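Q: I have a structure open here and would like to talk through it slowly. Could we go over it together?

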Protein chains: 2
Amino acid sequence: MYLNERMSQFLDDLASGAPAPGGGSVAALSGSLAAALISMVCNLTIGKEKYKDVEADVRTILNRSETLRHELAELLEADTQLYGKVIAAYRLPKYTDEEKTVRLDAIDRALKEACGVPMQIARRCAELVELCVPAAAKGNVAAISDIGVAVLMAEAGLVSAGLNVKINLGSIKDATFVQEAAAEFEGYMKSKAEIKARVLEDVEEKL
Amino acid sequence: MYLNERMSQFLDDLASGAPAPGGGSVAALSGSLAAALISMVCNLTIGKEKYKDVEADVRTILNRSETLRHELAELLEADTQLYGKVIAAYRLPKYTDEEKTVRLDAIDRALKEACGVPMQIARRCAELVELCVPAAAKGNVAAISDIGVAVLMAEAGLVSAGLNVKINLGSIKDATFVQEAAAEFEGYMKSKAEIKARVLEDVEEKL
């Protein structure tokens with residue numbers, strides 16, 4: 001469990017040539033940092049007289065950001081396991097025809113999972129980009145720069161997760177899976193980059 | 001020392017309403033993650049027969065990414081101290097004229113430091129964006145997506161640090177300091193966003 005390790009250990013292991021953690025885990029961590037910053041701004045807003053009128057909305061944002069934060073933390077852990085599963089599938093015996101079939105099925109399953117985890121990271125990062133819109137509008141303006149950092153980390157996490165989806169899609173044989181994943185991913189990228197730019201404009205105005 | 005804490009502790013403290021850590025620390029962490037990913041790709045390249053011709057260059061990249069990684073880790077710690085220093089300056093006595101002068105000087109010094117730390121984070125993140133160009137050209141192509149994630153994290157760290165510079169510049173009275181800092185920051189933003197886009201194109205082609 002990397003979340004229970006020292007941060008310096010995670011950075012050292014990341015910098016090493018060990019197979020995990022890698023870019024997928026960083027995408028999940030980037031999303032977790034975005035979620036934590038949204039939560040922080042909500043916590044700096046709730047209970048303040050000046051923000052009494054939006055307090056219920058801010059509590060709703062906080063509930064969502066905390067859920068996403070914990071889900072992304074779990075996905076960080078899941079991502080560090082993926083490489084081992086793919087390697088294990090490739091190492092299955094391939095002497096008989098039956099073994100070959102079993103092995104290829106196992107490889108395809110492992111690759112789909114290696115694609116599915118970053119897809120889940122991408123979906124949550126995309127939602128966090130969107131969550132920055134109401135957070136910037138309703139959160140404590142004294143902490144507005146933190147929403148700017150949040151939207152940057154959420155979008156960087158989204159695009160990073162996308163790269164980890166793409167690198168695996170090329171090896172998957174299930175054409176329907178590949179098409180659907182590629183289509184969903186393209187949709188995310190464009191619309192979220194636009195939302196990020198808008199949130200950053202909003203933040204810069206209020207700085 | 002946050003680097004010696006569990007990662008979950010950093011995320012929990014970030015999500016809380018406590019004054020530190022905040023967006024500045026996340027900018028430094030984002031840069032550290034970028035540096036670690038560059039180091040990882042270098043470590044996956046060095047010693048491989050296929051990359052023998054570029055090994056010396058890759059070692060040079062690795063030296064630089066590891067130096068930047070450790071500097072950014074120190075800046076992460078420094079950033080968590082800034083808020084306390086600004087608050088301490090504001091809390092100095094202001095009864096006599098002499099006390100008022102001493103207090104205003106202390107506030108200006110603390111604010112300049114609160115600006116200087118994210119400026120140093122921004123400079124290192126900017127260098128990391130640039131370091132991704134040779135890393136993408138010479139690093140192990142099997143890990144090319146990790147250079148994509150690195151450039152995303154480096155640029156997100158740069159822009160995030162920039163927001164933390166801007167939010168402090170407004171309160172600083174030293175006009176020369178403010179002008180120079182603003183000019184340096186604007187220069188970074190444009191050129192590095194272009195480099196990021198180019199590295200991502202390069203990565204996508206090789207995926």
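Q: Is Leu82(B) buried or exposed?
A: Keeping in mind that this is a predicted model, Leu82(B) is buried, since its relative accessible area is 7%, and a residue is called buried when that value is under 20%.

Q: Where does Leu82(B) sit, and what does it touch?
A: Leu82(B) belongs to helix α3 of chain B, which covers residues 55-90. If we set aside residues up to four places away in sequence, Leu82(B) touches Glu113(B), Ala114(B), Val117(B) and Pro118(B).

Q: How many Å separate the C-alpha atoms of Leu82(B) and Ala150(B)?
A: The C-alpha atoms of Leu82(B) and Ala150(B) are separated by 27 Å, and the two residues are 68 residues apart along the chain.

Q: OK, and Glu205(B), is that one buried or exposed?
A: Glu205(B) counts as exposed, because its relative accessibility is 69% and the cut-off for exposed is over 50%. Its place is in helix α6 of chain B, residues 175-206.

Q: What are the distances between Glu205(B) and Tyr95(B), in sequence and in space?
A: Glu205(B) and Tyr95(B) are 110 residues apart in sequence, and from C-alpha to C-alpha they are 66 Å apart in space.

Q: Switching to chain A, how many helices and strands are there?
A: Chain A has 6 helices and 0 strands, so that, reading from the N terminus on, its elements run α-α-α-α-α-α.

Q: And what box do the C-alpha atoms of chain A fill?
A: Taken along the principal axes, the C-alpha atoms of chain A fill a box of roughly 75 × 35 × 25 Å.

Q: What percentage of chain A is buried?
A: Of the 207 residues in chain A, 53% are buried. As for what remains accessible, chain A exposes about 9100 Å², and carbon and sulfur atoms supply 52% of that area.

Q: Which contacts in chain A join residues far along the sequence, I mean at least 24 apart, and what share are they?
A: If we take the contacts in chain A between residues at least 6 apart in sequence, 78% of them join residues at least 24 apart.

Q: Can we look at one residue there, say Arg124(A): where does it lie, and what is it in contact with?
A: Arg124(A) lies in helix α4 of chain A, residues 97-138, and it is buried, with a relative accessible area of 19%. Leaving aside neighbours within four places in sequence, Arg124(A) is in contact with Leu68(A), Glu71(A), Leu72(A) and Leu75(A).

Q: Now the two chains together: how many residues does the contact take from each?
A: The contact takes 49 residues from chain B and 49 residues from chain A. Between them the chains bury about 4200 Å², with 72% of it on carbon and sulfur atoms. In chain B, the residues that lose the most area to chain A are Met7(B), Leu11(B) and Leu163(B), which together make up 17% of what that side buries.

Q: How do α2(A) and α2(B) run, parallel or antiparallel?
A: The axes of these two helices, each covering residues 23-43 of its own chain, come within 11 Å and cross at roughly 180 degrees. Angles over 145 degrees count as roughly antiparallel, and α2(A) and α2(B) are therefore roughly antiparallel to each other.

Q: Which residues meet there?
A: Gly23(A), Val26(A), Leu29(A), Leu33(A) and Leu37(A) in α2(A) meet Gly23(B), Val26(B), Leu29(B), Leu33(B) and Leu37(B) in α2(B). Sorted by class, this contact has 8 nonpolar, 2 polar and no charged residues.

Q: Last one, what about Gly17(A): which residues is it in contact with?
A: Apart from neighbours within four places in sequence, Gly17(A) is in contact with Asn43(B) and Leu44(B). Gly17(A) is found in the loop between α1 (7-15) and α2 of chain A, where it is partly exposed, with a relative accessible area of 35%.

Methods: Residues are numbered from 1 along each chain as its sequence is written. Chains are lettered from A and ligands numbered from 1 in the order in which they are written. This is a predicted model: local features need pLDDT of at least 70, side-chain atom pairs count only at pLDDT 80 or more; totals for chains, interfaces and linings use all residues. Side-chain values use heavy atoms; hydrogens and water are left out. Axes are lines fitted to C-alpha atoms, for helices over the stretch in contact, and angles run from 0 to 180 degrees between N-to-C directions. Helices (H or I, at least four residues) and strands (E, at least two) are DSSP runs, numbered from the N terminus. Angles under 35 degrees count as roughly parallel, over 145 as roughly antiparallel, 65 to 115 as roughly perpendicular and the rest as oblique. Contact means heavy atoms within 4.5 Å. Ala, Val, Leu, Ile, Met, Phe, Trp, Tyr, Cys and Pro count as nonpolar, Asp, Glu, Lys and Arg as charged, and the others, Gly among them, as polar. Buried means under 20% relative accessible area, exposed over 50%, partly exposed in between (1.4 Å probe, protein chains only). Accessible areas come from the Shrake-Rupley method with a 1.4 Å probe; for residues, only the protein chains shown count as cover. Buried area is the accessible area (1.4 Å probe) that two parts lose on being put together, summed over both.
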